[in-house]
Each structure stands twice: as structure tokens, then as C-alpha cells.
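Open the model in your viewer and get ready to make a few selections. We will go stop by stop, with a note on what to look for at each one.

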Amino acid sequence: MSASVTVVKTEAVSSKAEEAAGLLPVEWLAMLGLFITAAFWLVLSSGLALVSSIKFHSPAFLADTAWLTYGRARAASSNLLLYGFCVPGGMGVALWILMRSGRAALQLPVMGVLSVLLFNLGALMGLLGILRGDASGHVDFEFPGYAAAFVFLGFVAVGVSAALTLHSRRNADLSVPQWHLLASVFWFPWIYSTAVLLLLLMPLRGMAQAVVSWWFSANFQLVWMGLVGLGAAFYLLPKALGREPASRNLALFCFWSLILFGSWTGVPQTASVPAWLPALSAAATFVSAVLYLGVLVAWREMARGACRESWRGAAAFVSFGLSAFLISGILSIVPVAAERGELLSFTWAGLARTQLLVYGFFGMILFGCMHAAIAEFAPDAASPRVPRAQFWLAGLGIALLVLPLAGAGVMQLVKMRNPDIAFVDVSKSTLHFLRLSTMGDLLILVANALLLVHLISTVAKALRVKAVESLASVMAEVKS
Amino acid sequence: MRYGPLVFFAAFLALAGSWYGFVVKPAFQLGHMQPTNAVPAGAAYPVARAGLARQGLEVYRANGCYQCHTKQVAQEGAVFEVILRDAGTNPPSMEAAIKHLAPKLASQPDALQGLPKPVLKGVGKDEADRAVKLLNASGGKAAPWVVATGPDMDRGWGKRRSVAEDFLYDDPVMPGAQRAGPDLANVGLRQPDLNWHLRHFYAPTAVVKGSMMPPYRYLFEKRRIGRQPSSNALPAREIGIEAGYEVVPRPEAVALAAYMISLRADAPLFSAPFSVASGAPAPSQPQAQKE
């Protein structure tokens, strides 16, 4: 960085530099810490996803290492995505939105920084625990107890900070994103502590465990991610497009249908439990169609007449995320609504739906918010081209992952219904689809790595500029 | 209007509702479930797994077998078969009855040979009851026979749907969510041979042609043959081991195989009935067993 440029910039940022206590204000330390470490676990998760995906065409690949057998690699991948990326990243974004929408400073930022430590300890121990064979055995809730405790404490720490920040907002009434985030802050500790208590510490008997695990997954992956993701979408989309936010009543409708109906979905139709449980879940899944309709209408309202703009910059991530949310909704309703479609949840289509919801919807909206936040942190250092590239890579990757998986699922369903086709042939018929989905996994890995590099390099560049600036100002003082 | 407390309260109520419905209620209904009785035999079901199989469940959990295998058999409905056990002492009358019920069967010369055998298949309860009445009135001994139906049954994966009782003694419960591999609810019935499972874990494709299961060679020890071959070594030729070496299962592999064998939901229950032969062999075998 040449000295002349630095001097020019010094004036431009001097007002900001005065606000900031040091090089890296503690609120940014908390947020960037959450973003960057979340992105790190995301990269690791997608690397493991690629490994487990390759195992499907060559089962012997890395099969002689117990630590990397398919069952462990797959579990480590999906759980790192959920508890290493989604929870910390989502809470980082929540802090950012609560501060900006309430025009408030981060309260108790130390708790935010503490949560970075706790989340990372949790993710590390969870990863090692699963790989060494300590997985809990409950799909998508596989961190062993000693790792889950850290995730829980991490959330409580950052949740306290988030709740106090919301409390110190300048606006009297809660705005739409704020009430979504408020609900999310107390939703997660409740469901997570229930799951930890009843599945790990004092396990229930028999199938009651499975019901609790399904309940937790629906409340985590649909409701909690819906609260944070939709809240972020309702904040970021109008902001990025420079438009009015969605109408309050419409947003309220989405919010209500999400928490009222989404929280009852989750028990699959094939579950070996008393019939009232899957029946209730099927009813809730049916009715949750109004949620997706509501989101569609709110999205149209926010992006009306700005069709092109809503696919540019940060708005593009939100638009992609909302489309993924709607498609995942269709994928969740089909097995319930279609006649004899209940076995679809046993096929690859189930994974397609989860990936679409977790990565396509929640992940993409988080990416958009992270890029917007980092551009705010370092307006000069953040390149606008990298987010664009990451958007295309991630978007193409998730499409290449989900479409073949859904196709493989339908293929499996049709062939599985015909007892004359041997099971081995049913599996083989999905191989072409799985090969395509490996390409999707590869693209996603590249996109995630790009995000991590972008976050780190931007922050490093901005810090270097700031350091040079402060050094220059000190030198100037000394000279005068 | 202050939204804060309202939103908080609303979200609290919504979550409390689903928590009550899907956590508290099932915890009481399923969590306090007691073993039931098989019908009509009356034997207690289920029985806790033996120690080795219990250890195998931990191996199953640790290696994430549940990522690819379900243990839930789905059932679409039930149909009836009418089984003739005894033709009685009045052959002309019986022949007439069978001619009335199943003309195709009656046209065969050995229609009344090889009893017990099914006279009618895949009929509703009323039709089955009428047929039983007719056959019994003709001097024979006939009984209705309940058969569960669905693609899983056709595949030979089970005789009835899985019910919550099947999992009563499992901790953790791993019903599975994905069928990249076959359902295992009744794998112990299909493959009761422990050594078959050991060979299959070590070299899946050598045992099941075209299998996509990864090999679990780390559950075994491959070593040079000492003074004499170990008694528990796997058959070298079948799993493709070069001469001079042998493969012996580690305790985990044996435990996992024992767990596989213990997976058999073969008791007819009041909530999921199917008929079993008492003494005589089952008249209509399920379709050829497929892996």
C-alpha cells in the first residue's frame, strides 16, 4: 500500500477510526469471529461431504480407516454444517441485524467473543467425537454429549448478548426482523436442551427417543432456521433493494404459520409409532403450505418491479435462499400428499430436501448477510467480485446436488415398489445421479473455500490499512 | 402497541404446544411402554438382546450404519388367505367346494394333496370367512390366514409392519431414515448365519454381487498364518485372501454380526397381526429372499 493512498484514505475513515476503540472493535471481533470460524467449519464439512459422496461410486475409497468410514464421515459432515456453521453463523448474522436495525451497540460483547470460543470447542470436540465413534446415533443430532454441552453454552452466551442488544434498540416497536430473531433466540435453547436432556443425559425408552429426535430436527431445521433466515431476508432484501420492508401483516402471517405449523412437522409417515403422531405431523405439513404461500407473496411484494435488481449483489443470495425455501417446502409436502409417496422419505429425496433447506435456504441467506456485513466493515477492501463468484459456485453446486438427489429418490421409490427388481439393482440405478451430485459437492466445497478466503483476506487487508493509518497518524503527531 | 412481550408470549405458547404434543405425550405413551404379548402364542415380546448383540448395537451406532439402513418395515394393508389343513372324509363334497371357490386349483389332479395349502389368496375378510365356512361344512378343516401386504413384504423384508415395541430395549434407538442399503428390521430372519455376516462385512461384493456397501476391513485382523490356521478365520478363498494370510474377526465384528442376527421382528402382535403356523410349516412362503 503506497503512502499517498493511505493519506487520502485517512481522512475518509478518520471519523470511523475515532468511533472505533482500537483496530478491531470488540463487537466486530465477536461477529467476525463467528463468521470466520463458521466458514472454516463449513469448508471442513463440505470436504467431508465430498469424501462421503465419492464413497458411493467407489465404496473402498478410504474404507480401511475407521475414522473415515462412510457412516462417520457423513455424520461429521452434516453435523459440522449444522452446529459448526449454521448455529454460530446464524447468531453472528443475528447480532449484526439486531445492532443495525435497532441502531444499538452490541451489549455485553464479551459474551459474543466467549461464544466464539465455546462454539469452536464444541465443533472441534463434536468432529473428533464422531470420527472416533462417539456419535449419538440420532440423525442430525450426532454430537456426543461433551460436545453438545459446549454448543449449548455457546448459544446461551451469544443469546444473552443478542437479547440485551435487542432490548437496547432505539425503535419502540419491534420491527419484522427483530421479532423473528427474538423468537429464534429463545427457541434454540429450549429445543436443544430438551434433545440433550432426553436423548443423551437421561435417554427416554424406545421409540420415544426417535420422536423427540424428529421433533428436534423439525424445530431446528425448519423453525429455527426459518426464524433466522426469514428474519434476515426481511431485513436484507428491502435494504439491498432500497425499498420499503414487507407489510407487517404479511410478515406476521408468515411468522405465525412458521411457528404454529412448522413446529409440528417432522414425524415421517413411515414412523413405527402410534398412528396419531405421523397423522398429526402430516396434517401440520399440509397446512404449512400456507407458510410457503405467505413467503412467496411477501417476496413478490418486496421485489415487485425490481426483478433484475433482486438477483444482484447481496439481494441475489436472499432471492436464491427464498426460492430454495419454497422448493424445499414442495419437497416436504409431496411425500405426505402423494398417494403411496410415504416411502419417498426413505430415499435420496429426503437428503435433497434437507440440503436445500439447510444450505440452499439458510446457508445462502447467511452468505448474503456475511458479505453485506464485511462490506460494511471494510468498504474499500471487500471486493464485490468474489461474492458474485461465490454466489454462482454455491448456487450451481446446490442445484447440481439437489436435482440429481431428487431424481435418484424418485427412481428409488418407483423401483423399490417393484419386488421383481433386486435391491442391488435399485441401488445401482441411482449411481448416475449420485455421480452428478458429487460434482455439486465439489462446487460447494470450492464456493465455501472461496468464502473463507474472502472473509480472511478482506479482514486482513482492512486491518493492515487501519494499522498503517494509525501508525501514520502517530508519526504525524510526533513530527508536529 | 408493544410487540416485544406479545411476540415472546406467542412464540412461547407455540413451542410449548408442540413440546407437549411431541415430547411430553410420547415420553409418557412410548417411554412407559411395557413388553407386550405375541398373539396367539402369548410369549412376551420383545425380549432384551443378549450381551453380545447389545455390544453390537454400539458398533452399529459408532460406525453410523443407520446412515444407510432403516429398521422400519412399512405395510400398506392386509389380505387373507384361506388355508385348507385337512380335506376331511368326504372327498366329493370337498372337491365340489373347492371347484366353487377356486376352479383353477380344482382342475389340478393333486388338488387335495400336500395339505395344508392355500385355497384362496389375497381376499378380503368377508370372502375368507365365507370360504372357511363352506370348507368346514364340507367336512374339511380350514382357517383364515392374515398376510401383511406392501412392497416391503413383497421384497421379503418383513412379515408385518414395524411397531414401537420392536425398539423397546434399544438405546439409542436408530430407526434409520435412508435406504441406501436394504432394510434390516428382519435381517436376522433372512440371514441367521453369523459367518455369512462376517464375510459380508469384510468383503461385501464377494458375498452379494454388485453390493454398494463399503467393506469394514478395520473390524478384522489380517495376519500371517502361524503354526496352524486360526479356528475362527474367515474362509480365505471366498473373500479373496492371498495364500499364507488369514483374516480373523475382531470382537467388534463378532458383536455386530450377533446384533444382525438378533434383528428379527417375527412375533405377531395384536397391533400388527399376521398368522403363523402352529406346528405345521407356513403354507405360503414369502417371495425369494433378496438382499
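Start with a pair of helices in this predicted model: select α3 (residues 70-101) and α4 (residues 109-131), both in chain A, which pack at an angle of about 170 degrees with their axes 9 Å apart. That angle makes α3(A) roughly antiparallel to α4(A), because angles over 145 degrees count as such.

Now show side chains where the two helices meet. On the α3(A) side, pick R72(A), A75(A), A76(A), N79(A), L80(A), G84(A), V87(A) and P88(A). Their partners in α4(A) are F119(A), A123(A), L127(A), I130(A) and L131(A). Colour this contact by class and you will find 10 nonpolar, 2 polar and 1 charged residues.

Next, stay in chain A and select I330(A), which sits in helix α11 (residues 313-337). Is I330(A) buried or exposed? With a relative accessibility of 51%, I330(A) counts as exposed, because the cut-off for that class is over 50%. Add L280(A), 50 residues away along the chain, and draw a C-alpha to C-alpha distance: it comes to 18 Å.

Last stop: the cavities. The whole structure has 4 of them of 30 Å³ or more, and the second largest has a volume of about 540 Å³. To find its centre, select H69(B), G181(B), P182(B), H200(B) and M213(B), the closest to that point among 33 lining residues.

Which helices each supply at least two residues of this lining? They are α14 (423-429) of chain A, plus α8 (194-202) and α11 (251-262) of chain B. Of these, α8(B) gives the most, with 4 residues. Coloured by class, the lining shows 22 nonpolar, 9 polar and 2 charged residues.

Notes: Residues are numbered from 1 along each chain as its sequence is written. Chains are lettered from A and ligands numbered from 1 in the order in which they are written. This is a predicted model: local features need pLDDT of at least 70, side-chain atom pairs count only at pLDDT 80 or more; totals for chains, interfaces and linings use all residues. Side-chain values use heavy atoms; hydrogens and water are left out. Axes are lines fitted to C-alpha atoms, for helices over the stretch in contact, and angles run from 0 to 180 degrees between N-to-C directions. Angles under 35 degrees count as roughly parallel, over 145 as roughly antiparallel, 65 to 115 as roughly perpendicular and the rest as oblique. Contact means heavy atoms within 4.5 Å. Ala, Val, Leu, Ile, Met, Phe, Trp, Tyr, Cys and Pro count as nonpolar, Asp, Glu, Lys and Arg as charged, and the others, Gly among them, as polar. Buried means under 20% relative accessible area, exposed over 50%, partly exposed in between (1.4 Å probe, protein chains only). On a 1 Å grid over the protein atoms alone, a cavity is a set of points where a 1.4 Å probe fits but cannot get out, and a pocket is an open set with protein on both sides within 12 Å along at least five of seven lines; lining residues have an atom within 4 Å of a point. Grid points are joined across faces, edges and corners, and a volume is the space filled by probe spheres set on the points.
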